Amino acid sequence: MLDKGVSWNVGKVFLHDNLIYTFNLLPETGYTRSAFINLQQYDVEDYLAEWAQHLPNLDLRWSNKVAVLAQNGAHVTLTVQTPDGTHAINARYVRAVNGS
């Protein structure tokens, strides 16, 4: 991300050609990284998806839709529609990550 993005600490706000405000997102010294990296959203998503595939307790799925969520005291059951059909998943926890 550092190689592809634009790193910065000091932001500047202009009105036409006039500098009207500056702010420092990293006012303390001693840090090895910049305070902010500008990076295209699709690049961030690619990096995160690649990283997530190596996590042992994460099941990353694409083109899936949760049709039903049923919760009881022990677990949550998701009825999931996929390109290969509908199936159920039991889990202790569910995290909703809704894209647009």
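In which loop is Ser63 found? In this predicted model, Ser63 belongs to the loop between α1 and β5, the latter covering residues 65–71. The phi angle of Ser63 is near 55°, a positive value in a residue other than glycine. Most residues other than glycine have a negative phi. Ser63 has a relative accessibility of 61% and therefore counts as exposed, the cut-off being over 50%.

A positive phi is also found at His16, which is not a glycine; here the angle is about 60°. His16 is located in the loop that runs between β2 (10–15) and β3 (18–24). With a relative accessible area of 73%, His16 is exposed.

Helix α1 comprises twelve residues, 41–52. At 1.5 Å a residue, a helix of twelve residues should span 16 Å, because the expected span is 1.5 Å times one less than the number of residues. The C-alpha atoms at the two ends of α1 are 16 Å apart, which agrees with the expected value. Within α1, the residues Asp43, Ala49 and Ala52 are buried. An α-helix has 3.6 residues a turn, so residues three or four places apart point the same way.

Helix α1 also contributes to the surface. A nonpolar surface patch of about 940 Å² is formed by Met1, Leu2, Ile37, Tyr47, Leu48, Trp51, Leu55, Leu58, Leu60 and Trp62. The largest share of this patch, three residues, is supplied by α1. Another member of the patch, Leu55, lies in the loop between α1 and β5. Leu55 has a relative accessible area of 33% and is therefore partly exposed, since this class lies between the limits of 20% and 50%.

Rolling a probe the size of a water molecule over the atoms shows where empty space is left. The largest pocket holds about 1400 Å³ of space. Its lining consists of 27 residues, and those nearest the centre of the pocket are Asp59, Leu60, Arg61, Arg95 and Val97. The elements that each give two or more residues to this lining are α1, β5, β6 (76–82) and β7 (85–91). The largest share of the lining, five residues, comes from α1. Helix α1 thus provides the largest share of the nonpolar patch and also the largest share of the lining of the largest pocket. Leu60 likewise appears in both settings, as a member of the nonpolar patch and as one of the lining residues nearest the centre of the pocket.

Note on methods
Residues are numbered from 1 along each chain as its sequence is written. This is a predicted model: local features need pLDDT of at least 70, side-chain atom pairs count only at pLDDT 80 or more; totals for chains, interfaces and linings use all residues. Side-chain values use heavy atoms; hydrogens and water are left out. Helices (H or I, at least four residues) and strands (E, at least two) are DSSP runs, numbered from the N terminus. Buried means under 20% relative accessible area, exposed over 50%, partly exposed in between (1.4 Å probe, protein chains only). Patches are made of residues with over 30% relative accessible area and no salt bridge: like charges are joined within 9 Å, nonpolar side chains (Val, Leu, Ile, Met, Phe, Trp, Tyr) within 5 Å. Accessible areas come from the Shrake-Rupley method with a 1.4 Å probe; for residues, only the protein chains shown count as cover. A salt bridge is a side-chain nitrogen of Lys or Arg within 4 Å of a carboxyl oxygen of Asp or Glu. On a 1 Å grid over the protein atoms alone, a cavity is a set of points where a 1.4 Å probe fits but cannot get out, and a pocket is an open set with protein on both sides within 12 Å along at least five of seven lines; lining residues have an atom within 4 Å of a point. Grid points are joined across faces, edges and corners, and a volume is the space filled by probe spheres set on the points.
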